[in-house]
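Reader: I am new to protein structures and would like to learn how to read one. Could you take me through some features, one at a time?

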Amino acid sequence: MSIDIFWRIPTHGEPASHRSRTPNRWDLFPGYEGQGRDEVPAGYSYIDYLAEVAHAAEIAGFQGGLIPSFPMTDEPWAISSVLARETRTFRFMIPFQPGFLNPIVAARMTASLQRATGGRALYNVITGGGGPQQLWWGDSVAHDDRYTRTTEFLDVVRGVWRGGPFSYQGKFYQVEEAGLPDPLSKEDFPEIYFSGSSDAALASASKHADFYLTWLEPFAQLRDKFARVREKTTALGRPIKCAVRVDIVARPTEEEAWDEIRRGFDSLDQETVARFSGGPEAGSESVGARRQASNRPETIASYRDLIVEPNVWSGFALLRGGQTQGIVGSYEQVAERLDQLVELGTDAFILASTPHLEEAYRVGEEVLPLIKGRQSLGLRAVG
Amino acid sequence: MSAEFIWQLPARGDGRYGDAAVRRRGERSTPEPSPLGPGLSDPRGVRFNYFDHLHQIARAAELSGFDGVQIQHDPEGDESWIIAGYLVRGTRRLKLVTEFEASWGSSVYAAKNAATLQRYSRGRLAWHLQAGAASKQRQKNADPVPDEGVLPRIGEFLQVARGVLSEAPFSFQGRFFAVQNGGFKDGLDHQPVPQVYLSGTSRAALELAAQYADVHVLPPRPLVELRQTIAALERLAGSLKRSLRYGLRLDLLARETDGEALLDARRLRGQIVGSSATATIEGPGLWNGPLSTRTGAEAALIGSYGRVAEKLSEYQEAGISNFVLGAIPHLEEAYRIGAHVLPLLRQRHRPASTTSSIELGGRS
């Protein structure tokens with residue numbers, strides 16, 4: 001089976017490179033209101049840039065892209081429908097938390113988006129990190145209960161998808177003889193990438209997900225994790241595939257790649273670095289965030305202290321929000337590391353690098369062609 | 001006060017016939033044979049679907065001079081938020097009045113969706129909150145809120161959406177929604193709260209409108225009754241130190257002559273009820289019944305362009321300033337109404353001082 005590779009849409013702003021955290025590209029990222037806004041050509045807005053990133057990704061050979069959704073970023077269903085008509089092959093990966101939408105409405109929204117895009121919508125189902133963040137969204141359901149809700153939500157979306165009549169008596173949702181209308185019911189059900197590391201998450205993923213999606217972790221740890229996911233989902237009769245989100249810095253030489261990281265790291269103030277070594281965000285119930293934080297050293301003097309294994313740097317969250325670990329190296333090295341991830345069980349990637357437009361072309365042209373994917377494994381199995 | 005003309009965008013389908021028997025325009029699915037028959041080649045394949053046609057209707061409304069489109073909420077049709085987003089890039093100045101129910105989900109999430117659409121449409125999004133079906137039907141669709149809760153939920157929904165869009169930190173604890181330390185920070189908070197359209201004629205609906213609506217859309221009723229409703233709303237809103245505008249939802253059947261309009265009205269009506277019953281449309285003017293099973297309007301205005309404009313003008317004098325209009329097929333009729341009816345109304349109501357700008361292509 002071949003490997004699916006996605007890119008990312010920088011809804012969270014676009015600095016010029018990893019050396020800076022300040023978005024400079026039309027500067028319409030909310031957090032940096034004001035700077036350079038006047039330079040936006042009349043009649044344009046940040047969506048025009050996001051559209052160019054989507055075009056670059058589809059031209060460069062990516063399946064599509066994840067559209068990150070945080071409290072301060074744009075809403076991904078809206079972004080997807082806005083860009084539907086002007087992209088051709090780009091698949092819109094929409095992260096969302098089931099609790100935010102009624103499942104019947106979500107099914108109709110999804111089917112309509114499939115119709116608007118020619119079947120290019122897919123889900124990244126997130127169940128929510130909990131804590132204060134969850135109440136910001138207006139959601140007060142407890143952590144493990146939220147996974148029950150996620151399972152029920154997807155039960156209902158799937159149940160009504162082919163037109164029903166579908167009835168359901170859950171803890172969170174009750175449905176009676178509901179179904180999508182024709183011709184919405186003729187659309188393909190979206191692929192589901194599922195995020196969440198806890199036991200409750202895995203139980204839910206086993207039932208509905210196509211891909212178990214994780215951030216990059218130390219390779220050995222990831223191998224165990226994927227083995228556990230496969231074991232658990234196979235036991236439930238529905239083995240699922242595994243996917244990794246990973247930021248990369250790929251350059252013609254390894255030296256240049258690390259130099260990029262060094263410059264980014266050196267531009268940080270001490271306080272930021274000190275806070276980073278302290279641990280995960282207070283109050284987060286996210287198991288994934290805790291796992292990431294546990295890999296950090298107590299004191300960080302140089303970017304080198306954050307190199308956790310060859311070509312893996314665990315300071316990406318310092319350079320831009322989000323995940324901590326990423327791959328740094330020459331084109332060949334990055335491709336090799338990705339192939340190692342394939343070997344230990346990865347079936348799909350969501351890659352990203354800053355700036356997303358130029359880097360989509362760079363990675364598409366220089367790294368993707370070097371990735372062997374399942375090819376090499378197949379030969380090994382035969383030999 | 002200048003009038004606003006909104007054209008309806010039918011979410012479920014559109015066609016030439018009153019009984020809505022024709023498939024959604026553009027819609028083809030794989031196993032279906034081509035309607036062109038075996039003797040002809042059909043280059044379309046399954047490349048198009050109804051979304052392509054919806055896009056054309058919106059463009060028709062924009063090109064023919066309407067101020068906005070009302071994106072219909074129809075549980076049997078495509079979903080209105082997705083349609084709204086789909087139209088953002090292809091339209092330039094149309095207001096996108098999006099119908100939906102407060103049962104969609106979290107009002108914070110709805111506000112976030114709105115903030116993005118506002119950012120990229122340059123503030124053209126408006127919301128038309130609908131009460132939705134009766135409780136029995138809603139309960140079947142995972143919406144357990146009883147009938148008495150529907151309007152209060154709309155109120156809370158709007159309160160929370162407005163809150164998170166305009167202040168941070170924003171907290172709210174209500175019967176249907178709760179937020180703690182919410183509110184959009186950074187740039188999303190600069191986005192205008194969508195204009196709010198509401199409808200309904202019950203006392204509770206009017207009270208809700210007085211509190212939250214920017215535009216309250218009324219059904220076509222005799223002028224006397226409309227004047228009374230508007231006066232009642234004025235009093236309610238006035239006591240809250242608010243003011244609102246009044247809309248009317250109406251279908252049009254306008255032709256060059258009354259005779260042609262009548263002929264087509266009876267033809268459409270016949271396609272719904274059978275040809276024997278069409279005599280009930282006695283003459284031109286307001287017909288209190290649907291001419292199409294799709295549009296959802298309670299009545300249609302039938303007659304020559306001049307007559308239709310005259311009637312609309314009477315509503316305007318009664319206090320209506322926002323017309324939500326429709327007619328099938330929506331594409332062709334948008335061009336027709338835009339070319340033949342809207343100019344008559346704009347001429348009639350243009351203030352003297354702006355005459356020259358209108359002649360130069362400006363708008364009243």
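Reader: Let me start with Thr280(B): is Thr280(B) buried or exposed?

Author: This is a predicted model, so everything we say here is about a prediction. To judge burial, we count the other C-beta atoms within 10 Å of a residue, and 12 or fewer means exposed. Thr280(B) has 11 such neighbours, so Thr280(B) is exposed.

Reader: Where does Thr280(B) sit along the chain?

Author: Thr280(B) belongs to the loop that links helix 8 (258-273) with strand 10 (285-287) of chain B. Look also at Arg266(B), which is 14 residues away along the chain: the C-alpha atoms of Arg266(B) and Thr280(B) are 8.7 Å apart.

Reader: Now a helix, please. How many residues does helix 1 of chain B have, and what length does it reach?

Author: Helix 1 of chain B covers residues 50-63, which is 14 residues. From first C-alpha to last it reaches 20 Å, close to the 20 Å expected at 1.5 Å a residue.

Reader: Why is helix 1 of chain B described as largely enclosed?

Author: Here the burial count helps again: ten of its 14 residues are buried, so helix 1 of chain B is largely enclosed by the rest of the structure. Among the buried residues are Tyr50(B), Phe51(B), Leu54(B) and Ile57(B), and also His53(B), His55(B) and Glu62(B).

Reader: What covers the buried residues of helix 1 of chain B?

Author: The cover comes from both chains. It includes helix 3 (103-117) of chain A, and from chain B it includes strand 1 (4-9), strand 2 (68-71), helix 2 (80-88) and helix 10 (330-340).

Reader: That brings in chain A. How many residues does each chain give to the contact?

Author: Chain A gives 47 residues and chain B gives 42 residues. On the chain A side, helix 3 contributes the most, with nine residues. Sorted by class, that side of chain A has 28 nonpolar, eight polar and eleven charged residues.

Reader: Which residues have the most contacts inside the largest nonpolar core?

Author: That core has 210 residues, and those with the most contacts inside it include Phe211(A), Phe349(A), Val69(B) and Leu252(B). Take Val69(B) as an example: setting aside residues up to four places away in sequence, Val69(B) touches Ile6(B), Trp7(B), Leu9(B), Ala58(B), Ala61(B), Leu94(B), Leu96(B) and Val97(B).

Reader: How should I read the two faces of a strand?

Author: In a regular strand, side chains alternate between the two faces of the sheet. In strand 8 (residues 215-218) of chain B, Val215(B) and Val217(B) are on one side, His216(B) and Leu218(B) are on the other, and all of them are buried, leaving both faces covered.

Reader: Which strands pair with strand 8 of chain B?

Author: Strand 7 (residues 195-199) of chain B runs parallel to strand 8, joined by three bridges. Strand 9 (residues 245-255) of chain B is also parallel to strand 8, over four bridges. His216(B) shows both pairings, with Leu198(B) as one bridge partner and Tyr246(B) as a partner in strand 9.

Reader: What does strand 12 of chain A look like?

Author: Five of the five residues in strand 12 (residues 326-330) of chain A are buried, so this strand is largely enclosed by the rest of the structure. Strand 9 (residues 241-251) of chain A runs parallel to strand 12 with five bridges, whereas strand 11 of chain A is antiparallel to strand 12 with two bridges. In the antiparallel pair, Trp313(A) stands opposite Gly326(A).

Reader: What backbone angles should catch my eye?

Author: Most residues other than glycine have a negative phi, and most peptide bonds are trans. Asn311(A) has a positive phi of about 65 degrees although it is not a glycine, and Asn311(A) is buried, with 22 other C-beta atoms within 10 Å. Asn181(B) also has a positive phi, near 50 degrees, but Asn181(B) is exposed, with 12 other C-beta atoms within 10 Å.

Reader: And where are cis peptide bonds found?

Author: One runs from Thr354(A) to Pro355(A), with omega near 0 degrees. Another joins Ala168(B) and Pro169(B), and Pro169(B) lies in the loop between helix 5 (147-166) and strand 5 (170-173) of chain B.

Key: Residues are numbered from 1 along each chain as its sequence is written. Chains are lettered from A and ligands numbered from 1 in the order in which they are written. This is a predicted model: local features need pLDDT of at least 70, side-chain atom pairs count only at pLDDT 80 or more; totals for chains, interfaces and linings use all residues. The expected span of a helix is 1.5 Å times one less than its number of residues. A residue is buried if 20 or more other C-beta atoms lie within 10 Å of its own, exposed if 12 or fewer, and partly exposed in between; C-beta atoms are placed from the backbone. Two residues are in contact if their C-beta atoms, placed from the backbone, lie within 7 Å. Ala, Val, Leu, Ile, Met, Phe, Trp, Tyr, Cys and Pro count as nonpolar, Asp, Glu, Lys and Arg as charged, and the others, Gly among them, as polar. A nonpolar core is a set of buried Ala, Val, Leu, Ile, Met, Phe, Trp, Tyr and Cys residues joined through C-beta atoms within 7 Å. Two strands pair if DSSP finds at least two bridges between them.
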